[in-house]
Amino acid sequence: MFGLTFLGTSASVPSAERNHPGLLVEAGSNRILVDCGEGTQRQLLRSRAGFRRLDRLLLTHGHFDHVLGIPGLISTLRLQQGEGIMRIHGSPGTLGVVARMMAGLWSEGRAPIPLELVPLADGQVIDMGEFTIDCFSVRHRDTDSLGFSFESLVRRHLRTDRLSALAVPDGPVRKVLADGRPVTLEDGRTIDPEDVLGPLAKRKKLVVVGDTEATEGLSQHVGDADLLVIEATFLERDSAMARDYGHLTAAKAAALAAESNVKQLVLTHVSGRYPEEEMLAEATRIFPSSRVAADFDRIVI
């Protein structure tokens, strides 16, 4: 299961209602921030998500509207007296932007909290235990941008009715069974995992794409996603402008979802030049299961 909190949904110019880009992804005990636009730390507070267990940041690319919130966030984390390392993942070019920004503020290697800059490449997988994050290249102007695909592990859950019927006690023995190994109880009975495990749970797939000027080649990465979060800065009537600025239209984002067997599409990076209703209408004509994200929206898949 993945929980998403939209902390910022604007394009490069924020509005009174929309902050610069930021998305909090929660899965199990993990809380991962995708992009960190200016004001993200305040959005974390306003959303009541807070700063607890926030130690990993994925960056789609190095444009300032996606990274300028990092210095403020890490300054706040220092004041919160959190322990551990903040790991910032991104392409080498993106991390170069972050490193120069940090050096300009605190001098090289002297950030307020321990930081680890982790370079990523196309096809690299981050194994988070309960789920994986796959990285793939995205075309956006002169950047080496990345998209991210989160996939939960396929697993079987314990059936509480069978555990009760067989008088399997709470505690470590249940974890052993959940891991697929038999256990011997104190009364001498051996319980096989097949006696208490249910059917395979369907995997969940979440795909997050930041700014992108094209959808060619993306279908192989977003295919069969339960949820696709992707930018849609322009409407199709301004497609020439979209190409000039390296962004998508709502129609092109919806067409990608339709051809990729996506279950739900969420549009973000919204320009203030259009009413939200127009963006939604253009998308739903092509892909009915579309919505336009607003700041502080929460979605669970």
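This note goes through helix α9, its packing with helix α10, and the residue Gln43 in a predicted model.

1. Helix α9 covers residues 250-259, and its buried residues are Ala250, Ala251, Ala253, Ala254, Leu256 and Ala257. These buried residues pack against two helices, α7 (219-222) and α10 (276-286), and also against two strands, β15 (227-231) and β16 (265-268). Just after the helix, Asn261 takes a positive phi of about 60 degrees.

2. As general background, two packed helices are described by the angle between their axes and the distance between the axes. For α9 and α10, the axes come within 8 Å and cross at roughly 30 degrees. Because angles under 35 degrees count as roughly parallel, α9 is described as roughly parallel to α10. The crossing of these two helices, α9 and α10, is right-handed.

3. On the α9 side, the contact with α10 is made by Ala250, Ala251, Ala254, Ala255 and Ala258, while α10 contributes Met279, Glu282, Ala283 and Ile286. Sorted by kind, the residues of this contact between α9 and α10 comprise 8 nonpolar, no polar and 1 charged.

4. Elsewhere in the model, is Gln43 of helix α1 (residues 40-46) buried or exposed? Gln43 has a relative accessibility of 4%, and since buried means under 20%, Gln43 counts as buried. When its neighbours within four places in sequence are left aside, Gln43 is in contact with Leu7, Asn19, Asp295 and Phe296.

Note on methods:
Residues are numbered from 1 along each chain as its sequence is written. This is a predicted model: local features need pLDDT of at least 70, side-chain atom pairs count only at pLDDT 80 or more; totals for chains, interfaces and linings use all residues. Side-chain values use heavy atoms; hydrogens and water are left out. Buried means under 20% relative accessible area, exposed over 50%, partly exposed in between (1.4 Å probe, protein chains only). Helices (H or I, at least four residues) and strands (E, at least two) are DSSP runs, numbered from the N terminus. Contact means heavy atoms within 4.5 Å. Axes are lines fitted to C-alpha atoms, for helices over the stretch in contact, and angles run from 0 to 180 degrees between N-to-C directions. Angles under 35 degrees count as roughly parallel, over 145 as roughly antiparallel, 65 to 115 as roughly perpendicular and the rest as oblique. A crossing is left-handed if the near helix is turned anticlockwise from the far one by less than a right angle, and right-handed if clockwise. Ala, Val, Leu, Ile, Met, Phe, Trp, Tyr, Cys and Pro count as nonpolar, Asp, Glu, Lys and Arg as charged, and the others, Gly among them, as polar.
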